[in-house]
Amino acid sequence: MKNRIVLLGLASLVLVSLVAAGGYLYFRAFSPDRSKYPVRGIDVSHHQGQIDWRRVAADDVAFAVIKATEGGDHVDDAFSTNLREARAAGLAVGAYHFFTFCRPGADQAKNFISVVPHDQPLLPPVVDIEFGGNCPQRPTPEQLSAELAAFLAPVEAAFGKPAIVYLTDEAEQAYAGRIAARPLWLRSLLLQPDRDDWVYWQYHNKGRVDGINGDVDLNVLQGGPAVLAALSAASPGPISPETPPSR
């Protein structure tokens with residue numbers, strides 16, 4: 001009887017281990033349907049270290065959104081190198097700003113505009129709204145909408161394009177539909193977003209790409225190469241802050 005119990009315990013342990021291993025392999029290998037989402041991209045910051053962008057471009061990566069700034073004065077020290085080398089490797093490139101809850105939106109806009117070049121084609125500017133790594137206080141939707149508007153107006157005027165708003169799952173639940181209406185970049189790991197009005201879908205936060213040591217965020221674009229080309233085309237020039245961007 002005792003031997004049978006031991007064997008059953010071992011069998012259960014093996015089964016649990018196999019299920020866990022299978023789940024881990026599924027997580028690592030997950031990728032959305034390529035026939036539906038053929039355009040792949042990554043988002044990076046200094047956390048990825050030195051990147052071999054030519055190897056990245058050869059590994060089915062078409063675009064990169066690169067961290068430029070955070071808050072009112074922080075600049076990602078890898079931004080200029082990553083932007084230059086990713087562009088040279090043939091990728092469509094863009095820049096994002098990590099929006100902090102404890103600095104005025106206008107100050108953050110000045111930081112982003114002073115760092116990101118205006119004289120070259122770029123994907124639309126991105127503002128990253130998430131709770132992880134942010135200031136502890138969480139603004140109400142009304143408070144965030146006001147500060148976000150103070151950020152968006154000068155940024156969109158400077159770059160001549162509507163910005164894209166990145167929302168994690170938690171931030172989407174708290175703010176989606178209750179802040180300034182903009183195209184969305186949604187984070188939904190391993191699951192199709194539960195809404196269709198997005199431009200980018202971040203489907204993995206521990207992906208692997210040739211040319212990068214360690215994990216990297218993986219994304220798909222809603223649409224094909226023509227959509228990517230349109231997004232990365234040179235802007236028609238600065239727009240007036242008083243003129244709302246086309247939706």
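**Entry 1: a charge over a ring.** I began with Arg138, whose charged end sits over the ring of Phe131, at 3.8 Å from the centre of that ring. I note here that the model is a predicted one, and I read every value below as computed from it.

**Entry 2: aromatic pairs.** I next looked up ring pairs, and the count of aromatic pairs comes to twelve. Among them I picked out Tyr37 and Trp201, which are edge-to-face, with 5.9 Å from centre to centre and 80 degrees between the planes. This pair links distant parts of the chain, since Tyr37 lies in the loop between helix H1 (2–29) and strand S1 (40–44), while Trp201 belongs to strand S8 (residues 198–207), 164 residues apart. I then checked accessibility for both partners: Tyr37 counts as buried because its relative accessibility, 3%, is under the 20% cut-off, and Trp201 is likewise buried, with a relative accessible area of 1%. Following the rings outward, I found that Tyr37 and Trp201 form one aromatic cluster together with Trp198 and Tyr203.

**Entry 3: strand S9.** How many of the six residues of strand S9 (residues 216–221) are buried? I found that six of the six are, so the strand is largely enclosed by the rest of the structure. Both faces of S9 are covered, with Val216, Leu218 and Val220 buried on one side and Asp217, Asn219 and Leu221 buried on the other. I then looked up the strands that pair with S9. S1 runs antiparallel to S9 and is joined to it by four bridges, and within this pairing I noted Ile42, whose bridge partner in S9 is Leu218. S8 also runs antiparallel to S9, with five bridges joining the two, and here Gln202 stands opposite Asn219 of S9.

**Entry 4: the largest pocket.** I turned last to open space, and recorded a volume of about 500 Å³ for the largest pocket. Its lining comprises 24 residues, of which Asp43, Tyr96, Asp128, Glu130 and Asp217 are the closest to the pocket centre; Asp217 is also one of the buried residues I had listed for S9. Which strands supply at least two residues each of the lining? I listed S1, strand S2 (63–70), strand S4 (92–98), strand S5 (126–129), strand S7 (184–187), S8 and S9. The largest share, three residues, comes from S8, the strand that also holds Trp201. By residue class, I recorded that the lining of this pocket divides into seven nonpolar, eight polar and nine charged residues.

Conventions: Residues numbered from 1 in each chain as written. Predicted model: local features only at pLDDT ≥ 70, side-chain atom pairs only at ≥ 80, totals over all residues. Heavy atoms only, no water. Phe/Tyr/Trp six-rings, centres within 6.5 Å; stacked < 30°, edge-to-face > 60°. Buried < 20%, exposed > 50% of the residue type's maximum accessible area, 1.4 Å probe, protein only. Lys NZ or Arg CZ within 6 Å of the ring centre and 35° of its normal. Pairing = 2+ DSSP bridges. 1 Å grid on protein atoms, 1.4 Å probe; cavity = no way out; pocket = protein on both sides within 12 Å on 5 of 7 lines; lining within 4 Å. Points joined across faces, edges and corners; volume = space filled by probe spheres on them. Nonpolar A, V, L, I, M, F, W, Y, C, P; charged D, E, K, R; others polar.
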